[in-house]
Amino acid sequence: MLVSKGIFQMNCVLLILSTSRTSQNAIEYAVGLAKKEKAKLVVLYIIETELTNEVFDKFTDIGFIGDKPSSELAEAIMKEYRQRGYEEMGKVQIRAMEENVDFDAVTTQGDFVEKAIEVIERYKIDTAVAIKRKRSAFLKYFSKSVVDELVEQAPCKVEVFEE
């Protein structure tokens, strides 16, 4: 913990969850790390709009859905993603309370890396815990995962769980 000129600054651990990334092991690790470090646990749930938009564009392009139904479907899916986010954050909050860990929750939507870095900087995060989806060897060869990009760009340590 840092104490400077009478100002107390609490260490912070960030757990990043998203519409496509959740892991019980990562949750347990982040809660345990926050407890060990006597840090605040900040849970960030990112609704990845780029991923959602790609799905709707594909369905519209192949004629599976039209413009009006796709916008209604987009709204329904975004509502479902938000609800799932609240449920996931609720599980983490309960776990944090069981371990007597200070907790804060943030929900946002947009680009994974951009939103994660915004929260890292806002809360002055010491360690971020991110979950990387398993990808095929083919995809790994041709593109970098957003979690790999976050590791490169983040101004803090990033612990990665592959699920």
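Which residue in β4 is the bridge partner of Ser18? In this predicted model, the bridge partner that Ser18 has in β4 is Ile46, and the report below sets that pair within the wider arrangement of helices and strands.

## The chain as a whole

The chain has 163 residues, of which 40% are buried, and its secondary structure comes to six helices and seven strands. If you follow the sequence from its start, these elements appear in the pattern β-β-β-α-β-α-α-β-α-β-α-α-β. Of the contacts between residues at least 6 apart in sequence, 78% join residues that are at least 24 apart.

## The five-stranded sheet

Strands of a sheet pair through backbone hydrogen bonds, and the pairing can be either parallel or antiparallel. Here five strands form an open sheet with parallel pairing, and their order across the sheet is β5-β4-β3-β6-β7. The edges are taken by β5 (103-109) and β7 (157-162), each of which has a single partner strand, so one side of each is left without a neighbour in the sheet. From one strand to the next, the twist averages 20°.

The pair named at the start belongs to the junction of β3 and β4: strand β3, residues 12-18, runs parallel to strand β4, residues 40-47, and seven bridges join the two.

## Helices lying across the sheet

Helix α4, made up of residues 112-123, lies across β3, β4, β5 and β6 (127-132), and runs at about 155° to β4. Helix α6, made up of residues 146-153, lies across β3, β6 and β7, and its direction is at about 160° to that of β6.

## Helix α1 and its two ends

Helix α1 contains 14 residues, 24-37, which at 1.5 Å a residue should span 20 Å, and this agrees with the 20 Å that separates its end C-alpha atoms. Its buried residues are Ala26, Ile27, Ala30, Val31, Leu33 and Ala34. Because these residues cover an arc of only 160° around the axis, they lie on the same side of α1. The general geometry of an α-helix helps in reading such a list, since there are 3.6 residues a turn and so residues three or four places apart point the same way.

At the N-terminal end, α1 is capped by Ser23, which has a side-chain oxygen 3.3 Å from the backbone nitrogen of Asn25. After the helix comes Lys38, which lies in the loop between α1 and β4.

## Two lysines with positive phi

Lys38 has a positive phi of about 55° although it is not a glycine, and Lys38 is exposed, with a relative accessible area of 54%. Lys124, in the loop between α4 and β6, likewise has a positive phi of about 55° without being a glycine. With a relative accessible area of 52%, Lys124 is exposed because its value is over 50%.

## Glu48, a buried residue in a loop

Is Glu48, in the loop that lies between β4 and α2 (49-61), buried or exposed? Glu48 has a relative accessible area of 8%, and because this is under 20%, the residue counts as buried.

The side chain of Glu48 makes a polar contact, at 3.0 Å, with the side chain of Ser18, and Ser18 is also the residue whose bridge partner in β4 is Ile46. When neighbours within four places in sequence are left aside, the residues in contact with Glu48 are Ser18, Thr19, Ser20, Arg21, Gly110 and Phe112.

Key: Residues numbered from 1 in each chain as written. Predicted model: local features only at pLDDT ≥ 70, side-chain atom pairs only at ≥ 80, totals over all residues. Heavy atoms only, no water. Helix = DSSP H or I, 4+ residues; strand = E, 2+ residues; numbered from the N terminus. Expected span 1.5 Å × (residues − 1). Buried < 20%, exposed > 50% of the residue type's maximum accessible area, 1.4 Å probe, protein only. Arc of directions from axis to C-beta. Polar contact = N/O pair within 3.5 Å; in protein donor to acceptor, adjacent residues only side chain to side chain. Pairing = 2+ DSSP bridges. Axes fitted to C-alpha atoms, helices over the stretch in contact; angles between N-to-C directions. Contact = heavy atoms within 4.5 Å.
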